[in-house]
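Me: I have a chain in front of me and want to know on what grounds its features get their labels. Please set each value against its cut-off.

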Amino acid sequence: MIDLDAADRAILRALQHDATLKASELGRRVGLSQPACWRRIKRLSEAGVLCARRLDLDLEALGFGVTVFLGVKLALKGRVSLQDFERAVAAIPEVQTVEHVLGLYDFRLRVVARDLPDFERVLRRRIMTLPGVGQVEANVLLSEERRPGPLG
């Protein structure tokens, strides 16, 4: 756990909104010099607060108009290991995230597809054929609102 002051929180909020900001622009926005801002970013990175900078792609503009969340419960028969399932499902390009969860299902997957027939193809030919797959529940994403997170 690292102690964060108001300047650190302002830097994190700004980077959360736009991770491509340079230290000079970021410093101007939060009231710090470029070197002071850069030192803070370096400290936050070294402390593990900043893990990676990511680029958000517009999936719809790339032709992926459908996002589906799948709840997957592994079958008890066969006793496929969790690691075997994770490795196999992570190799499917349409599967964007694999989350091991506690609850009704063992895994939650975020799957993208061009349209519903394409999703059905991915589900039938790729996901349902994986070893150990038991019960599956699909929820089609209708809309999504991104929240800035706990920093506000």
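Reply: Helices (H or I, at least four residues) and strands (E, at least two) are DSSP runs, numbered from the N terminus. On that basis the elements of the chain run α-α-α-β-α-β-β-α-β from the N terminus on, with five helices and four strands in the chain. This is a predicted model, in which local features need pLDDT of at least 70 and side-chain atom pairs count only at pLDDT 80 or more, while totals for chains, interfaces and linings use all residues. Residues are numbered from 1 along each chain as its sequence is written, and side-chain values use heavy atoms, with hydrogens and water left out.

Me: What makes the chain more spread out than a compact globule?

Reply: The radius of gyration is taken over C-alpha atoms, and the globule rule is 2.2 Å times the number of residues to the power 0.38. For 152 residues the rule gives 15 Å, and the chain has 20 Å, well over that value, so the chain is more spread out than a compact globule. Along the principal axes, the C-alpha atoms fill a box of roughly 60 × 35 × 25 Å. As an example of a separation, Asp5 and Leu123 are 47 Å apart, C-alpha to C-alpha, with their positions 118 residues apart in sequence.

Me: Why is the contact between Asp8 and Arg40 called a salt bridge?

Reply: A salt bridge is a side-chain nitrogen of Lys or Arg within 4 Å of a carboxyl oxygen of Asp or Glu. The closest N and O atoms of Asp8 and Arg40 are 2.8 Å apart, so the pair meets the cut-off of 4 Å. Asp8 is in helix H1 (residues 6–17) and Arg40 in helix H3 (residues 34–46), so the pair, 32 residues apart, links distant parts of the chain. A search of the whole structure finds 13 salt bridges. Asp5, Asp8, Arg40 and Arg43 are linked in a network of them.

Me: How do you know whether Asp8 and Asp5 are buried or exposed?

Reply: Buried means under 20% relative accessible area, exposed over 50%, and partly exposed in between (1.4 Å probe, protein chains only). Asp8 has 1%, so Asp8 is buried. Asp5, in the segment before H1, has 35% and is therefore partly exposed. Over the 152 residues of the chain, 29% count as buried.

Me: What places Arg28 and Glu25 about one turn of the helix apart?

Reply: Both lie in helix H2 (residues 23–30), three residues apart. They also form a salt bridge, with the closest N and O atoms at 3.1 Å. Arg28 is called exposed because its relative accessible area is 59%. Glu25, at 27%, counts as partly exposed.

Me: Why is it said that Glu144 and Arg110 tie parts of the chain together?

Reply: The two form a salt bridge, the closest N and O atoms being 3.3 Å apart. Glu144 lies in the segment after strand S4 (133–140) and Arg110 in strand S3 (residues 107–113), so the pair ties together parts that are 34 residues apart in sequence. Glu144 has a relative accessible area of 44% and is partly exposed, whereas Arg110 has 15% and is buried.

Me: What makes Thr67 count as buried, and which residues is Thr67 in contact with?

Reply: Thr67 has 9% relative accessibility, so Thr67 counts as buried. Its place is in strand S1 (residues 66–74). Contact means heavy atoms within 4.5 Å. Leaving aside neighbours within four places in sequence, Thr67 is in contact with Arg110, Val111, Val112, Asn139, Val140 and Leu141. For the chain, residues 24 or more positions apart account for 66% of the contacts with a separation of 6 or more.

Me: Why is Leu62 called partly exposed?

Reply: Leu62 has a relative accessible area of 47%, which puts the residue in the partly exposed class. Leu62 lies in the loop between H3 and S1. Not counting residues up to four places away in sequence, Leu62 touches Leu57 and Arg114. The C-alpha atoms of Leu62 and Ala138 are 22 Å apart, and the two are 76 residues apart in sequence.
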